[in-house]
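User: Could you walk me through a few of the labels used for this model? I'd like to see how each one follows from its rule.

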Amino acid sequence: MEQFHFNLVRWYEEKKRNLPWRETKNPYLIWLSEIILQQTRVDQGLKYFISFKTNFPTIQDLAKASEMEVLNLWKGLGYYSRARNLHGTAIYIAENLNGKFPDNYDDIIKLKGIGSYTAAAISSFAFNEAKAVLDGNVYRVLSRVFGISTPINSTQGKKEFQALADEILDKANPGTHNQAIMEFGAMQCVPINPNCENCPLNFMCVAFSEKKVKQFPIKIGETKISNKYFVFTIIKENGKILLEKRTDSGIWKNLYQFPLTEFESLDEKSAFLNNRAYDFISNEIKHILSHQHLHCTFVISREKAQIHHPNYSWVSVKEIDEFPIPRVIERFIEENHLLIFNT
Ligand code: SF4
């Protein structure tokens with residue numbers, strides 16, 4: 001293992017990207033970066049990290065902010081439950097832990113929105129606690145280097161890979177080891193066509209020596225995807241547009257949208273659209289989430305009647321940017337600004 005650790009860390013010191021969250025031991029900032037980077041590319045997450053750090057330099061600042069401010073700053077990143085958990089956890093820490101971020105894995109993992117990977121990342125990066133991280137990049141590296149064919153998304157696989165990650169962790173330098181193996185997976189041992197000929201771990205890589213790199217990591221049947229069929233109705237009156245606040249507990253909780261009608265099937269949605277007259281009907285826009293495909297159509301309605309509902313607000317063109325809006329709607333507005341606001 002000595003050669004493995006040496007080569008991995010030497011590669012990391014030479015090739016690592018300079019990222020601001022690697023230059024701090026502040027657990028709040030490390031936590032912030034980890035939550036932003038879930039399901040987000042590093043180049044996209046970077047500007048959000050800087051903007052959160054600038055607007056909320058401490059956990060107390062984040063706790064004091066309104067949920068609307070936090071969601072607005074999160075705009076464009078998607079998966080808004082991350083922002084809500086971030087804010088809720090900051091409030092919890094400010095009110096119950098004297099504003100002090102917990103300093104060990106067992107306490108960190110009790111916080112809402114933090115799973116085993118994030119708790120291991122924060123405790124090892126900030127406090128050098130010997131907890132091995134296991135994310136998609138680490139699974140790929142371990143499965144290839146050690147030639148493990150247990151599916152990474154099976155219960156057995158999760159146990160086996162965690163045991164291996166714990167075993168090979170450099171207990172003297174867990175923070176650097178974890179950063180290095182994740183970066184190695186992200187930059188060197190990439191999913192498609194890794195440069196194996198020029199790799200510091202090829203001397204011990206089972207997948208490379210057996211010419212099976214493409215086969216690793218092994219996964220069993222992917223998660224079932226469900227389809228939802230949405231019609232968003234754009235209703236305008238006196239230069240204002242109707243927005244609805246979502247109050248359900250779903251992924252778009254407390255975000256704003258054009259009033260939505262939801263269907264279980266394409267047939268139901270088509271029947272609904274065919275029975276009404278509209279000034280405009282968009283092509284269908286498919287919005288892909290991890291477990292759901294949303295089939296969205298936007299219509300501009302001819303009905304000008306006043307609509308009263310506690311969750312509805314009339315909003316002017318200038319104000320619309322101040323509302324947190326799901327990414328699919330935001331993109332539609334960006335691409336159809338003239339159509340929506342000038343017709
Ligand atoms: S030899 Fe190839 S598959 Fe093996 S660790 Fe290096 S890059 Fe990954």
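**From one threonine to the domain interface**

Analyst: Happy to. In this predicted model, a polar atom of the T24 side chain lies 2.9 Å from the backbone nitrogen of N26.

User: What makes that pair, T24 and N26, a polar contact?

Analyst: The cut-off is 3.5 Å between N or O atoms, with one able to donate a hydrogen and the other to accept it. The T24 side-chain atom and the N26 backbone nitrogen are 2.9 Å apart, so the pair falls within that limit.

User: Where is T24 found, and which residues does T24 touch?

Analyst: T24 is in the loop between helix 1 (2-15) and helix 2 (27-37). Leaving aside residues up to four places away in sequence, T24 touches L29 and I30.

User: How is the chain divided into domains?

Analyst: Domain 1 covers 2-215 and domain 2 covers 226-342. Their contact takes 11 residues from domain 1 and 18 residues from domain 2.

User: How do you know how big the interface of domain 1 and domain 2 is?

Analyst: Interface size is often given as the accessible area lost when the parts come together. Here domain 1 and domain 2 bury about 1100 Å² between them, with 53% of it on carbon and sulfur atoms.

User: What does the rule find across that interface in salt bridges and polar contacts?

Analyst: The rule finds 0 salt bridges between domain 1 and domain 2, so no Lys or Arg side-chain nitrogen on one side is counted within 4 Å of an Asp or Glu carboxyl oxygen on the other. For polar contact, it finds 7 residue pairs, both at pLDDT 80 or more.

Terms used. Residues numbered from 1 in each chain as written. Predicted model: local features only at pLDDT ≥ 70, side-chain atom pairs only at ≥ 80, totals over all residues. Heavy atoms only, no water. Domains from an automatic or database assignment. Contact = heavy atoms within 4.5 Å. Buried area = accessible area lost by both parts, 1.4 Å probe. Helix = DSSP H or I, 4+ residues; strand = E, 2+ residues; numbered from the N terminus.
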